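A visitor and a guide examine a structure together. Please look at it before reading their exchange.

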Amino acid sequence: MRGARSAKWVASAIVVALAATACGGGDDDNGDNGSDGAAAGNPDGIVRIDGGEPQNPLVPANTNEALGGLVIDNLFSKLLDFDDEGQIFMVAAESVEPNEDNTVWTVTLKEGWTFHDGTDVTAESYVNAWNWAANISNNQANSFWFADIAGYADVHPEEGDPTAEEMSGLQVVDERTFTIELTEAVTYYDYKLGYSVFTPLPESFYEDPEAFGESPVGNGPYSFVSWTHGESIELERYDEYAGEDAAQNGGIHIRAYDNPEAAYTDLQTGNLDIIRQVAPRDLPLYQQDLGEDRTVAQPYNGIQTIVPVWYNWEDTPPEVLQGISMAIDRETITQTVLNGSRTPADSFAPPGVFGYQEGASGDITTYDPERARQLVEENGGVPGDRIAIQYNADAAHQEWVEAVCNNIIDALDIECVGDPKVDFDTDLEAREANEVQSMYRGGWLADYPLNVNFLKELYASYAQTNYGRFDSPEVDELFAEGDRAGSLEETVAAYQEAEQVLWEQMPAIPLWYQNVNAGWGPNVDNVRFDSAGVPVLSEVTVSE
Amino acid sequence: MGRYVVRRLLQMIPVFIGSTFIIFMMMYALPGDPVRALWGERAPDEAQMAAMRRDLGLDDPILVQYWNYITGLVQGDFGTQIRSRREVIDVISEALPATLRLTALAFLITAVVGISLGLLAGLRAGKKTDRGILFVSLLLISVPVFVIGYLYQTYFGIKWGWISPTVRDSENWGELLLPALALASLSLAYVTRLTRTSIVENRRADYMRTARAKGLPQQRVIGTHLLRNSLIPVVTFLGVDLGNLMAGAIVTEGIFNINGIGRAVYTALNAREGATVVGIVSFIIVVYLVVALLVDLLYAVLDPRIRYA
């Protein structure tokens with residue numbers, strides 16, 4: 001039979017082709033999907049939350065994005081953390097104290113802490129972890145966090161191989177105490193220590209860092225169970241946890257979503273408990289859908305600005321920029337175009353930050369089209385009578401950029417257009433190469449909740465992230481004064497003074513603070529988001 | 001026939017090398033640097049960036065990089081991801097089963113439902129059934145896949161609660177049914193139209209009259225004579241469509257949250273993970289090539305007039 005013979009050839013062609021490409025689709029083992037508890041008010045209930053595939057191996061020194069951060073934050077406890085006003089409280093540390101001139105900081109650890117593999121957390125666990133992370137040979141993206149520590153240049157030279165294995169600034173005093181010597185005084189160094197890169201690693205890490213990245217062992221309220229790549233990560237409560245923020249539920253099940261709409265759908269049908277950020281599509285209705293008491297809309301420590309690039313604006317008086325700022329109706333745009341997903345800004349630093357001054361802008365952020373026009377016209381107008389706002393088109397920015405432009409066109413009668421770049425990388429490339437036409441969309445999330453972080457990193461003339469190339473000796477001097485100050489309060493005050501000068505010089509036009517727009521289902525209670533916009537999962541209780 | 005298959009398989013090699021080369025170059029030409037992207041908005045650590053580039057071999061000229069990549073590929077080494085430092089082959093083999101399952105199910109639905117509806121419409125040409133099927137298939141052709149996907153999800157998944165609106169376990173065929181249905185909708189409608197036309201045309205063919213005149217049972221007349229001859233254009237379409245289904249799965253996977261090739265290639269593209277993108281696209285190319293070969297061979301099965309020497 002011809003038919004049968006031909007069919008045989010078809011079959012052999014499949015076999016040959018598959019063998020040639022050697023593509024065997026290996027089945028992945030799914031852990032059990034059972035995540036439903038039994039009794040009401042179940043202390044062992046699992047919290048199911050939306051997340052995604054962490055971009056890096058799960059090592060604190062390599063995690064600098066939110067999806068990996070969600071896992072690291074729950075697996076590791078930091079030395080200290082911050083409340084909603086940006087004030088410090090201790091977590092794993094008993095105390096973190098500076099010496100008189102703020103150059104040497106002494107960390108004393110709390111007693112009784114263990115890693116999830118049962119070994120003790122000691123001063124060495126910290127010192128060794130930091131030395132490893134700072135070493136340039138280990139290719140950790142967060143290594144620059146250790147740059148303040150004396151001896152960093154030896155393990156992380158500008159060029160060539162490291163000349164030492166350890167930073168001379170880190171000294172173990174005893175089992176629970178170590179000191180950090182800085183290259184120069186930093187009055188707020190304890191704020192930096194609140195970043196998750198300053199966490200300890202167990203001895204087992206150094207045997208096989210790669211395996212650790214797939215199956216991390218931390219010191220936090222949850223221990224690691226499994227990671228099914230692209231699908232889910234499971235954590236369970238660590239029962240030997242010595243800290244005060246012990247988990248009130250049995251564990252966390254982080255499910256990967258690549259679009260927030262699908263996560264919202266699962267939340268509505270009870271297949272998910274918490275969604276960290278509602279998609280723009282669902283923002284208008286989510287409070288009705290879920291009920292007011294199961295949603296939250298609150299600002300967190302992130303700000304959005306539009307930044308004039310000074311290589312194109314240097315001859316323009318700052319009053320013009322004040323005028324442009326007044327032409328923008330922040331209240332209406334945040335409520336309508338952005339559906340309440342932002343809060344109008346009145347300062348260069350968001351409210352959850354220590355040193356935030358309410359109403360620091362005076363009336364510069366108040367919508368006043370007439371005064372705006374007056375200010376712009378009296379001071380010579382906008383360069384070329386044209387503003388272009390550069391943004392990355394791979395995130396939801398187009399709508400608000402257009403709204404801001406419409407405000408500017410209406411009030412000032414000049415040209416204003418959006419200048420979309422394909423994605424964030426391309427956007428950054430243009431900024432780094434000084435090729436921005438007029439203004440770019442600036443954004444900043446707090447590394448630590450202190451006004452210094454929102455001012456020095458963005459507007460100091462020497463700051464690397466100052467892509468607007470703003471250069472003011474007066475501001476630099478005030479920053480330097482803050483850095484020389486003898487105490488945290490003096491530093492903060494000096495920076496507050498600098499902020500007032502910024503409002504006169506307008507290195508950027510603050511628009512709004514980012515909001516958390518989150519929702520949760522009837523199966524969980526006590527859901528709270530901190531000032532970094534991150535859910536406090538250890539406090540969540542599960543009813544079933 | 002055997003020599004024909006071998007020749008076709010050999011022809012795949014230059015096509016494969018050429019296409020990987022083009023994709024590799026395109027990835028290289030894209031703006032944005034994967035190592036720079038590790039720092040996001042922050043200013044990068046120049047020393048660390050240089051060290052990473054050196055370790056990853058990104059310092060080499062592009063042709064050397066391609067040579068390293070392709071020689072690795074021949075030895076079964078798909079390379080390593082820059083960010084996650086995972087083997088690309090692991091990433092692909094984790095994402096592939098879900099997409100294959102989804103595509104297979106969608107293909108099955110397309111073929112079975114499409115051909116059945118087409119046959120039905122063709123046999124009842126001009127009657128109410130035919131017009132009903134015409135209406136439904138035109139509707140499916142005119143609505144984009146993502147609209148259909150969201151509609152199915154909203155009604156079957158959320159409003160009526162018949163079926164899970166997203167896929168939580170990609171090994172569960174029941175959960176895959178909804179996305180497969182959405183994915184299959186468009187092709188299904190095409191197959192219906194195509195089959196119907198073909199059937200209507202062949203119904204009046206001479207061999208049909210002969211078959212009836214011989215007194216063959218109706219089932220045999222339709223099954224062996226009418227359908228088999230009418231399927232030739234449909235098979236061509238189905239072959240091309242298998243590749244289209246894999247590509248279309250990218251949209252469907254997003255809507256229904258399936259951990260498949262679509263998500264993998266999308267995230268890799270955003271992160272400028274060249275090795276991953278080239279690996280996945282090369283795989284899809286191989287699928288296209290193999291399916292094209294199979295379709296050509298199937299012609300011989302369906303139509304005795306075609307022979308491959």
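The conversation below turns to a sheet and then to an interface.

Guide: This is a predicted model, in which local features need pLDDT of at least 70 and side-chain atom pairs count only at pLDDT 80 or more, while totals for chains, interfaces and linings use all residues. Residues are numbered from 1 along each chain as its sequence is written, chains are lettered from A and ligands numbered from 1 in the order in which they are written, and side-chain values use heavy atoms, without hydrogens and water.

Visitor: Which are the edge strands of the open sheet in chain A?

Guide: Strands here are DSSP runs of E with at least two residues, numbered from the N terminus, and two of them pair if DSSP finds at least two bridges between them. In chain A, four strands form an open antiparallel sheet in the order β4-β5-β7-β6. The strands that pair on one side only are β4 (93-98) and β6 (170-174) of chain A.

Visitor: Which residue in β7(A) stands opposite A:Trp105?

Guide: Strand β5 (residues 104-109) of chain A pairs with β7 (residues 177-181) of chain A in the antiparallel sense, over five bridges. Opposite A:Trp105 in β7(A) stands A:Ile180.

Visitor: How many salt bridges are there between chain B and chain A?

Guide: A salt bridge places a side-chain nitrogen of Lys or Arg within 4 Å of a carboxyl oxygen of Asp or Glu. One example joins the side chains of B:Arg272 and A:Asp423 at 2.5 Å, N to O. Between chain B and chain A, the count of salt bridges is four.
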